[in-house]
Amino acid sequence: MCEKPTRKRPRSKLKKLEAEIERLQDVEAELKRSLQFTESLLSAVPIPVFFKDAEGRYLGCNRAFTEIIGVTPDEIKGKKVYELWPSEHAEMYHQKDLEVMDNLEHQTYEFVVKDKNGTNRSVIFNKDVFLDEKGNANGLVGSFVDITERKQAEEKLRESEAFLKELNETLEERVKERVKELNCLYLISALGNKPHVSLAENIQGVVNLIPPAWQYPDMTCSRIILEGKEFRTPNFKETSWKQSSEIILNHEQIGLVEVFYLKEMPQRDEGPFVAEERLLIEAIAEHVTRNVERHRSEESIKSLSGELIRIQESERHRISRDLHDKVAQDLASLKIAIETLFRDIPAIVQSQALKVPKILQILEESLRSVRKISYDLHPAGLDEMGIAVALEMLCNEYSENQAIDIGFHSAGVEKLKIDSNTQINLYRIVQEGLNNICRHAAAKNVSIKLVAAYPNIILRMEDDGKGFEIGRRMRETVLEKRMGLMSMRERANLLGGKVRITSKKGKGTKVVVKFPYQKK
């Protein structure tokens, strides 16, 4: 008997099929949710993201990508880079896509994209491949970050740094130039304050200080024309690249300061010269004016002082001569008359006769005083015997009267024909020096040497006294109106010479006077 076929198996298959369909529906729903999440996630990502298949066709992109290039996702699907991007960019994109697909490695590089406005944007690309179930490259996903603003900021920063560097270099250069100018003015001022420097020496010194203060010292030469005289740097050459300033004194041009470049230099504010150099050359011209004015004043004072001393010595000489020729002679005649007055009178009151020797003694002392005063006013025989003999006599006199051992030596002076003005000033310097030693030094030994060493005459005075502090003594000289040291300096100055004094407490004092000998 045949059995009826069972209906149970088809129902079981149907249930399985329904279950599978339900599972697939769930998977599909999950995939949809995942896809929706992925799309939402990609849309929320602020950087452009894109997908491509293994052939390089676009599969999709996010909102940021479409916004930057100005196309919709549907418009880019299935297209290759050559269809979307300019050819100069597309080839680079294609080559980079091939590299990442071949190497299966993450790729980062910097390039450009052209946005919807046609503007090139600097970006950094990041790409990775995605694989199929067999591990083969199935496509790639990429993104890029817009760094245009950062690049612009970096460029501006570089420009700012370059500008700051240039500005700093300019400032450093300007500071360096100003330091050179200030140093020039300082040295010129110091030169002007240097003692015993003639006007010609000062002006030549100023000329030599000018080139180092200008922009191109090695290419600079200078000249000062002053009252018909020229002072030049050793490399002086007159060229067409010139800067000058007039030297004005009492509204009258007395000279000119000139600066030349030896070859053509870049154009600046005033030809090849900068504005600060105009101020500097005018300051130098003003300094020369003040220096000339000061030297004229000093020469005038020196001339007046010399004339005063000459008048004083002339008057001393006259008084000395009057005392010697008249007063001393009158006293000598009176002494003789008194001595002979009572010789011819045999009977004289004895008490009156006893007064005669006393009167004669007074007359003798008065005569000696008058002769000493006459000698002090003007040394007897200075013009006839010469300075060496007169000084030796002076030293012997002081040595006898002051109980000081004074040694005098001369060399070469005896043969010189020294004018009376030089002789009397030299004599007074020694006399004043001996006065100072006797009054203040408490010395036991003094050495005086007078030497002619052409073109100079040198006087050296040295003692073994208690010495003194020079700076303090000079201040006291001014405050207490002591004229000793000042008188010595003044007379040496009148001779065109210098006085150098060295002293130390307990070590004595040394005075050196040096002045040029003028042949007569």
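# A tour, strand by strand

Select strand 1, residues 49–53. Four of its five residues are buried, so strand 1 is largely enclosed by the rest of the structure. Keep in mind that this is a predicted model.

**Stop 1: the partners of strand 1**

Add strand 5, residues 137–146. Strand 1 and strand 5 pair antiparallel, over five bridges. To see one bridge, pick V49; its partner in strand 5 is S143.

Now add strand 2, residues 58–61. Strand 2 also pairs antiparallel with strand 1, here over three bridges. Pick F50 and look across to C61, its bridge partner in strand 2. Then follow the chain from strand 1 into strand 2. The two form a hairpin with four residues between them. Stop at G56 in that turn, where phi is positive, about 90°.

**Stop 2: strands 3 and 4**

Move to strand 3, residues 107–114, and show side chains. In a regular strand, side chains alternate between the two faces of the sheet. Colour Q107, Y109, F111 and V113: these make up the covered face of strand 3. T108, E110, V112 and K114 make up the uncovered one.

Bring in strand 4, residues 120–131. It runs antiparallel to strand 3, and eight bridges join the two. T108 is a good handle here, with N126 as its bridge partner in strand 4. Strand 3 and strand 4 form a hairpin as well, with five residues between the strands. Select G118 there: it has a positive phi near 80°.

Stay in strand 4 and centre on S122. Is S122 buried or exposed? Its relative accessible area is 17%, and the cut-off for buried is under 20%, so S122 counts as buried. What does S122 touch, leaving out residues up to four places away in sequence? Show F111, V112, V145, D146, I147, T148 and K151. Of these, F111 belongs to the covered face of strand 3, while V112 belongs to the uncovered one.

**Stop 3: a four-stranded sheet**

Next, select strands 6, 7, 8 and 9. They form an open sheet in the order 7-6-9-8, with antiparallel pairing. Its edges are strand 7 (229–232) and strand 8 (242–249), each pairing on one side only. From one strand to the next, the twist averages 15°.

Zoom in on strand 6, residues 220–226. Four bridges join it to strand 7, and the two run antiparallel. Pick I225 and find E230, its bridge partner in strand 7.

**Stop 4: a five-stranded sheet**

Go on to strands 10 to 14. This open sheet has the order 10-11-12-14-13, with mixed pairing. Strand 10 (405–411) and strand 13 (498–503) are the edges; each pairs on one side only. Neighbouring strands are turned by 10° against each other on average, direction ignored.

At the strand 13 edge, add strand 14, residues 509–516. The two run antiparallel and are joined by six bridges. V499 has V513 as its bridge partner in strand 14.

**Stop 5: the helices across that sheet**

Keep the sheet on screen and add helix 12, residues 387–402. It lies across strand 10 and strand 11 (445–453), and runs at about 175° to strand 10.

Then add helix 13. Which strands does helix 13 lie across? Strand 10, strand 11, strand 12 (456–463) and strand 14. Helix 13 runs at about 10° to strand 12.

Now look at helix 13 by itself, residues 420–441. At 1.5 Å a residue, its 22 residues should span 32 Å; the end C-alpha atoms are 30 Å apart, which agrees. Colour the helix by burial. Of the 22 residues, 17 are buried, so helix 13 is largely enclosed by the rest of the structure.

Check both ends. At the start, a side-chain oxygen of D419 comes within 3.1 Å of the backbone nitrogen of N421. Just after the helix, A442 has a positive phi of about 55°.

**Last stop: the whole chain**

Zoom out. The protein has 15 helices and 14 strands. Of its 520 residues, 35% are buried. Switch on a surface: about 32,600 Å² is exposed, with 53% of it supplied by carbon and sulfur atoms. Finally, consider contacts between residues at least 6 apart in sequence: 57% of them join residues at least 24 apart.

Key. Residues numbered from 1 in each chain as written. Predicted model: local features only at pLDDT ≥ 70, side-chain atom pairs only at ≥ 80, totals over all residues. Heavy atoms only, no water. Expected span 1.5 Å × (residues − 1). Buried < 20%, exposed > 50% of the residue type's maximum accessible area, 1.4 Å probe, protein only. Polar contact = N/O pair within 3.5 Å; in protein donor to acceptor, adjacent residues only side chain to side chain. Pairing = 2+ DSSP bridges. Axes fitted to C-alpha atoms, helices over the stretch in contact; angles between N-to-C directions. Contact = heavy atoms within 4.5 Å. Areas by Shrake-Rupley, 256 points an atom, 1.4 Å probe, with all protein chains shown as cover.
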